[in-house]
Amino acid sequence: MRMIFPVLPFMAFMAAIVVASNYLVQFPVEYSIGSLNLADLLTWGAFTYPVAFLVTDLANRRFGAQSARIVVFIGFLIAVALSIWLASPRIAIASGSAFLMAQLLDVSIFDRLRNQVWWLPPLASTVIGSLLDTFVFFGLAFSQAAGVIGPGDAFASEAAPLLGLFATEAPRWVSWALGDLMVKLLVGIAMLAPYGALMPVLAARARA
């Protein structure tokens with residue numbers, strides 16, 4: 001209990017982020033830029049979920065890998081339970097599986113690179129974790145091959161121009177996955193700014 005209490009704020013932030021993302025991933029971005037329809041490329045969840053990597057990395061930097069894993073596991077349990085209510089069981093299963101695998105990988109990579117230049121651990125762990133998260137989540141949530149875990153989304157399975165730009169067609173969820181990954185990487189890079197700004201605060205608390 002003594003180990004869990006200090007990380008409670010991190011758990012709360014993690015659960016809130018994942019629940020919001022599980023809900024928002026069901027809504028395409030209904031906006032067009034010229035001939036590009038972003039509904040064929042992005043869901044709103046792509047903009048919120050990458051913040052989960054920031055929470056994990058801050059917990060890892062402040063308390064270490066063991067506490068960061070506790071944040072991941074508790075956040076995972078709370079988020080999945082609430083996501084079944086806010087989203088659908090299939091989305092909850094896909095999100096939970098992707099979240100757990102990607103965040104635990106993030107913790108391990110960050111811990112291995114902990115003593116490198118300050119920006120390398122969060123950047124490398126976020127990039128690699130985002131790749132795994134995107135592959136697992138979209139594969140389970142929308143592909144026909146994973147239909148055994150729940151009904152599919154007809155709109156997500158419809159063929160559309162790849163990334164909304166190319167003549168080649170693919171199920172919309174493939175373009176969503178690629179667009180989601182691009183946004184995750186951009187947001188992950190942007191999250192280096194708050195991470196760097198909070199490092200002195202975390203270090204000061206660690207010395208206290």
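**Exercise 1. Where is the place of F27?**

Solution. This is a predicted model.
- Step 1: Find the elements on either side. They are helix 1 (8-24) and strand 1 (32-33).
- Step 2: Place the residue. F27 sits in the loop between helix 1 and strand 1.
- Step 3: Classify its exposure. F27 has 36% relative accessibility, so F27 counts as partly exposed.
- Step 4: Look for a patch. F27 joins Y23, W44, F47, I78, L82, W85 and L86 in a nonpolar surface patch of about 810 Å².
- Step 5: Find the main contributor. Helix 3 (residues 65-86) gives the most to this patch, with four residues.

**Exercise 2. Describe the surroundings of N60.**

Solution.
- Step 1: Locate the residue. N60 belongs to helix 2, which covers residues 51-63.
- Step 2: Decide on burial. The cut-off for buried is under 20% relative accessible area. N60 has 0% relative accessibility, so N60 counts as buried.
- Step 3: List the contacts, leaving aside neighbours within four places in sequence. They are A65, A68, V107, F110, D111 and R114.
- Step 4: Look at A65 in detail. Its backbone nitrogen is reached by the side chain of N60 at 3.2 Å.
- Step 5: Take a C-alpha separation. N60 and F99 are 39 residues apart along the chain, and their C-alpha atoms are separated by 16 Å.

**Exercise 3. Which side chains meet D111 and E158 in salt bridges?**

Solution.
- Step 1: Recall the principle. Side chains of opposite charge can pair when their charged atoms come close.
- Step 2: Get the total. The whole structure has four salt bridges.
- Step 3: Take D111. Its partner is R114, at 3.0 Å from N to O.
- Step 4: Assign exposure to this pair. D111 is partly exposed because its relative accessibility is 34%. R114, at 18%, counts as buried.
- Step 5: Take E158. Its partner is R172, at 2.6 Å from N to O.
- Step 6: Place the partners. The pair links distant parts of the chain, 14 residues apart. E158 is in the loop between helix 6 (154-157) and strand 3 (159-161), whereas R172 is in helix 7.
- Step 7: Assign exposure again. E158 is partly exposed, with a relative accessible area of 39%. R172 is buried, with 13%.

**Exercise 4. Check the span of helix 7, then trace the salt bridge of D180.**

Solution.
- Step 1: Compute the expected span. Helix 7 (residues 172-190) has 19 residues, and at 1.5 Å a residue it should span 27 Å. The factor applies to one less than the number of residues.
- Step 2: Compare with the model. The end C-alpha atoms of helix 7 are 27 Å apart, which agrees.
- Step 3: Survey its buried residues. Among them are W173, W176, L181 and V187.
- Step 4: Turn to D180, which lies in helix 7. D180 is buried because its relative accessibility is 4%.
- Step 5: List what D180 touches, not counting residues up to four places away in sequence. These are L41, L42, A46, T134 and F138.
- Step 6: Find its salt-bridge partner. D180 pairs with K184, with the closest N and O atoms 2.9 Å apart.
- Step 7: Relate the partners. D180 and K184 are four residues apart in helix 7, about one turn of the helix. Both are buried.
- Step 8: Extend the pair. Salt bridges with shared partners join D133, D180 and K184 into one network.

Technical notes:
Residues numbered from 1 in each chain as written. Predicted model: local features only at pLDDT ≥ 70, side-chain atom pairs only at ≥ 80, totals over all residues. Heavy atoms only, no water. Helix = DSSP H or I, 4+ residues; strand = E, 2+ residues; numbered from the N terminus. Buried < 20%, exposed > 50% of the residue type's maximum accessible area, 1.4 Å probe, protein only. Contact = heavy atoms within 4.5 Å. Polar contact = N/O pair within 3.5 Å; in protein donor to acceptor, adjacent residues only side chain to side chain. Patch = residues over 30% accessible without salt bridge, like charges linked within 9 Å, V, L, I, M, F, W, Y side chains within 5 Å. Areas by Shrake-Rupley, 256 points an atom, 1.4 Å probe, with all protein chains shown as cover.
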